[in-house]
Amino acid sequence: MSLIVDSLTKTYGEVAVFRNVSLEVASGEFVAIIGESGVGKSTLLNCMAGLDDWNQGRVSLDGVDIGALGDEQRALLRRRKIGFVFQAFHVLPHLDVAQNVGLPLMLLQHRDKHADDQRVLEMLDAVGLQGLGQRLPQQLSGGQLQRVAIARALVHRPQLLLADEPTGNLDPDTALRVMDALIGQSRAHGASLVLVTHSQAAATRADRVLRLSAHGIST
Ligand SMILES: Nc1ncnc2c1ncn2[C@@H]1O[C@H](COP(=O)(O)OP(=O)(O)OP(=O)(O)O)[C@@H](O)[C@H]1O
Ligand SMILES: [Mg+2]
């Protein structure tokens with residue numbers, strides 16, 4: 001899925017988080033976004049998913065201007081086409097691991113339950129959580145929770161994957177494995193990937209690296 005961010009400005013009251021940010025991500029491309037804490041990386045990613053609003057500019061996904069969509073249409077678009085890994089995992093505490101991972105599939109209708117269960121198992125395996133499907137989130141470590149969030153973002157094979165610091169809580173070996181799963185799954189299904197990261201190792205694997213700063217976005 002192609003993504004175009006055109007002259008985007010986001011402010012809270014008088015204070016600008018960023019101004020005139022423009023970038024394009026081609027279908028199937030992997031772009032990393034780096035930048036200091038507080039420059040607006042998470043905010044920008046939220047705007048790309050239509051989870052946050054902006055003051056000026058446009059965001060288009062495959063030519064669809066998401067600023068022109070209502071909440072419900074945005075939600076449908078996200079459900080069908082976008083996977084999101086949040087910086088704070090947003091795992092649902094009352095659902096077990098497998099149910100959390102399977103949630104995006106459950107929200108899509110007319111699906112084969114058996115195939116979906118199989119897909120959940122594959123995703124748990126891909127992020128190194130095999131055998132933990134029946135646990136509740138409170139019975140997992142921070143790094144394991146992060147991997148639940150990643151499996152959930154990938155399970156419905158989204159065309160656009162937006163990941164906010166997905167390896168921030170992981171040891172180097174697990175981070176590598178999880179990045180392999182993220183990149184491998186995106187490439188395998190031709191999905192575009194936008195990765196916000198502080199990890200140099202992760203950024204160097206991207207097709208392009210963009211730096212967000214108070215002066216805007218640059219290569
Ligand atoms: N609801 C809000 N009201 C006012 N300011 C906010 C609000 N939410 C975020 N901000 C500010 O917007 C700026 C950008 O925040 P954001 O979370 O996007 O940064 P970030 O680049 O993701 O940082 P980090 O690397 O620490 O995750 C910060 O200065 C933050 O304090
Ligand atoms: Mg952030």
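**View 1. Gly131 sits in the loop between helix 4 (113-126) and helix 5.** Helices here are DSSP runs of H or I with at least four residues, strands are DSSP runs of E with at least two, and both are numbered from the N terminus. This is a predicted model, in which local features need pLDDT of at least 70, side-chain atom pairs count only at pLDDT 80 or more, and totals for chains, interfaces and linings use all residues. To find your way around, note that residues are numbered from 1 along each chain as its sequence is written, while chains are lettered from A and ligands numbered from 1 in the order in which they are written. Gly131 is exposed, because it has 10 other C-beta atoms within 10 Å. The classes follow that count of other C-beta atoms, placed from the backbone, within 10 Å of a residue's own: 20 or more is buried, 12 or fewer is exposed, and anything in between is partly exposed. Look for Val97 in this view too: Val97 and Gly131 are 34 residues apart in sequence, and their C-alpha atoms are 9.9 Å apart in space.

**View 2. Helix 5 (residues 142-154) packs with helix 6 (residues 172-188).** The two axes are 11 Å apart and make an angle of about 5 degrees, which means that helix 5 is roughly parallel to helix 6. Axes are lines fitted to C-alpha atoms, for helices over the stretch in contact, and angles run from 0 to 180 degrees between N-to-C directions. Angles under 35 degrees count as roughly parallel, over 145 as roughly antiparallel, 65 to 115 as roughly perpendicular, and the rest as oblique. On the helix 5 side, the contact is made by Gly143, Arg147, Ile150 and Leu154; on the helix 6 side, by Thr174, Val178, Ala181, Leu182 and Gln185. Contact means that the C-beta atoms of two residues, placed from the backbone, lie within 7 Å. Five of the residues in this contact are nonpolar, three polar and one charged. In that sorting, Ala, Val, Leu, Ile, Met, Phe, Trp, Tyr, Cys and Pro are nonpolar, Asp, Glu, Lys and Arg are charged, and the others, Gly among them, are polar.

**View 3. Six strands make up an open sheet with mixed pairing, in the order 6-7-8-3-9-10.** Strands count as paired if DSSP finds at least two bridges between them. The edges belong to strand 6 (82-85) and strand 10 (216-218), each with a single partner strand, so one side of each has no neighbour in the sheet. On average, neighbouring strands of this sheet are turned by 15 degrees against each other, direction ignored. Strand 9 (residues 208-213) and strand 10 run antiparallel and are joined by three bridges; Ser213 has Gly216 as its bridge partner in strand 10. Helix 6 lies across strand 3 (30-34), strand 7 (160-164) and strand 8 (192-196), at about 155 degrees to strand 8.

**View 4. Glu165 occupies a place in the loop between strand 7 and helix 6.** Its phi is near 50 degrees, a positive value in a residue other than glycine. Glu165 counts as buried because 20 other C-beta atoms lie within 10 Å.

**View 5. A four-stranded open sheet has antiparallel pairing in the order 2-1-4-5.** Strand 2 (15-25) and strand 5 are at the edges, each with a single partner strand, so each has one side without a neighbour in the sheet. Strand 1 (residues 3-12) and strand 4 (residues 56-61) are joined by five bridges, with Leu3 partnered by Leu61 and Ile4 by Ser60. Leu61 also has Val64 as its bridge partner in strand 5. The hairpin of strand 4 and strand 5 has two residues between the strands, and Asp62 takes a positive phi near 45 degrees there. Over in strand 2 you will find Asn20, which has a positive phi of about 55 degrees although it is not a glycine. Asn20 is partly exposed, because it has 14 C-beta neighbours inside 10 Å. Helix 1 lies across strand 1, strand 2 and strand 4, running at about 125 degrees to strand 1.

**View 6. Ligand 1 is surrounded by Tyr12, Val17, Gly35, Ser37, Gly38, Val39, Gly40, Lys41, Ser42, Thr43 and Gln87.** A residue is near a molecule or strand if its C-beta atom, placed from the backbone, lies within 6 Å of it. Helix 1 (residues 41-48) gives the most to this shell, with three residues. Sorted by type, the shell holds three nonpolar residues, seven polar and one charged.
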